[in-house]
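Biologist: Please take a close look at how the helices pack in this model, and then at the residues around that packing. Give the cut-offs as you go.

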Amino acid sequence: MADSTAPHARTTDALQVSRLGKRVALPGGELTILEDVSFAVGHGDTVAIVGASGSGKSTLLSLLAGLDTPSDGTVALDGEPLSALDEDGRARVRGEKVGFVFQSFQLLPSLTALENAMLPLELRGDADAEGPARAILDKVGLGQRLGHYPRQLSGGEQQRVALARAFVTAPSLLFADEPTGNLDTHTGQAIIELLFALNAEAGTTLVLVTHDDHLAARCRRVLRLDSGRLVHDGGAQA
């Protein structure tokens, strides 16, 4: 019988969101971006956050990742409440458990593909950053492009570097914000296939924001926002 007290046993959800709200002050008054959003995400689940422009999708993702702080409610990542942590504490949790993929790639232009992929491991203090970075870049089909800078890579290649950088730390949770938004349809489809293949192999929990119905349909679960409220939580036919 498995030992339920083993270090790797996980009894909490990957994400627990309770009564989450976000408001910002504007000259004309207060603007509500999110209101009373609650849900939980299990380990290994794949979740798409969808909704019209301005519905609060990217704000929600920022709150889930601890990049922003809520006006109301709580977010717990692997059972650890982010609101109980200061910025250094939230950065520590992100470094230990979270990977990111962005629409605009967010590669450092002065670093090669290899150096960009090594960066999260170096920031974490790993003794060997180059070995895992080389291996993951080879896995995403860029083994011959290690010394190329972002400006020397196509959009699809840059997003492959971004995927490699996101997965190189073996994160338990991956956040993706419009990962195919800057790519043509064919290239975007290839990135989707690669993202889900890497995710399945690693057993990562995936939460992504997208306006792409094909990408959302690949997820087991869809959360739909409308004017800052969660109006659907279910299958991909949202």
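Modeller: Helix 3 and helix 4 cross in a right-handed way, meaning that the near helix is turned clockwise from the far one by less than a right angle, an anticlockwise turn being left-handed. The model is predicted, so local features are given only at pLDDT of at least 70 and side-chain atom pairs only at pLDDT 80 or more, while totals for chains, interfaces and linings use all residues. Residues are numbered from 1 along each chain as its sequence is written, and side-chain values use heavy atoms, with hydrogens and water left out. Helices (H or I, at least four residues) and strands (E, at least two) are DSSP runs numbered from the N terminus.

Two packed helices are described by the angle between their axes and the distance between the axes. For helix 3 (residues 113–124) and helix 4 (residues 130–139), the axes come within 8 Å and cross at roughly 125°. Helix 3 is therefore oblique to helix 4. Here an axis is a line fitted to C-alpha atoms, for helices over the stretch in contact, and the angle between N-to-C directions runs from 0 to 180 degrees. Angles under 35 degrees count as roughly parallel, over 145 as roughly antiparallel, 65 to 115 as roughly perpendicular, and the rest as oblique.

On the helix 3 side, Ala113, Leu114, Ala117, Met118 and Leu121 meet Glu130, Pro132, Ala133, Arg134 and Leu137 of helix 4; contact means heavy atoms within 4.5 Å. Sorted by class, the contact of helix 3 with helix 4 has eight nonpolar, no polar and two charged residues. In this scheme Ala, Val, Leu, Ile, Met, Phe, Trp, Tyr, Cys and Pro are nonpolar, Asp, Glu, Lys and Arg are charged, and the others, Gly among them, are polar.

The next pair is helix 5 (residues 155–167) with helix 6, packed at an angle of about 15° with axes 10 Å apart. That angle is why helix 5 counts as roughly parallel to helix 6. Helix 5 passes helix 6 in a right-handed crossing. Helix 5 contributes Gly156, Gln159, Arg160, Leu163 and Phe167, and helix 6 contributes Thr187, Ala190, Ile191, Leu194, Leu195, Leu198, Asn199 and Ala202. The contact of helix 5 with helix 6 has eight nonpolar, four polar and one charged residues.

Leucine 183 sits in the loop between strand 7 (173–177) and helix 6 (185–202). Leucine 183 has 14% relative accessibility and so counts as buried; buried means under 20% relative accessible area, exposed over 50%, and partly exposed in between (1.4 Å probe, protein chains only). Beyond its neighbours within four places in sequence, leucine 183 is in contact with Phe105, Gly155, Gly156, Gln159, Gly188 and Ile191. Its C-alpha lies 37 Å from that of proline 27, which is 156 residues away in sequence.

Helix 7 holds leucine 215, which is buried at a relative accessible area of 0%. Without counting neighbours within four places, leucine 215 is in contact with Pro179, Thr180, Ile192, Phe196, Leu208 and Thr210. The last of these, threonine 210, is in the loop between strand 8 (205–209) and helix 7 (213–217). Threonine 210 is also buried, at 1% relative accessible area. Its side chain reaches the backbone nitrogen of aspartate 212 at 2.8 Å. Apart from neighbours within four places in sequence, threonine 210 is in contact with Ala48, Ile49, Val50, Lys57, Glu178, Leu215 and Ala216.

Arginine 94 belongs to helix 2 (residues 87–97) and is buried, with a relative accessible area of 12%. Leaving out residues up to four places away, arginine 94 touches Ala65, Gly66, Leu67, Glu87 and Phe100.

The strands and their loops give other cases. Threonine 74, in strand 4 (residues 72–77), counts as partly exposed at 35% relative accessibility. Threonine 74 is in contact with Gln16, Val17, Ser18, Leu20 and Ser83, leaving aside neighbours within four places in sequence. Arginine 19 is placed in strand 1 (residues 15–26) and is exposed, with a relative accessible area of 53%. Although arginine 19 is not a glycine, it has a positive phi of about 50°. Serine 227, another non-glycine, has a positive phi of about 50°. Serine 227 is in the loop between strand 9 (221–226) and strand 10 (229–234), and is exposed at 61% relative accessible area.

Key
A polar contact is a pair of N or O atoms within 3.5 Å; within protein, one must be able to donate a hydrogen and the other to accept it, and residues adjacent in sequence count only if both atoms are side-chain atoms.
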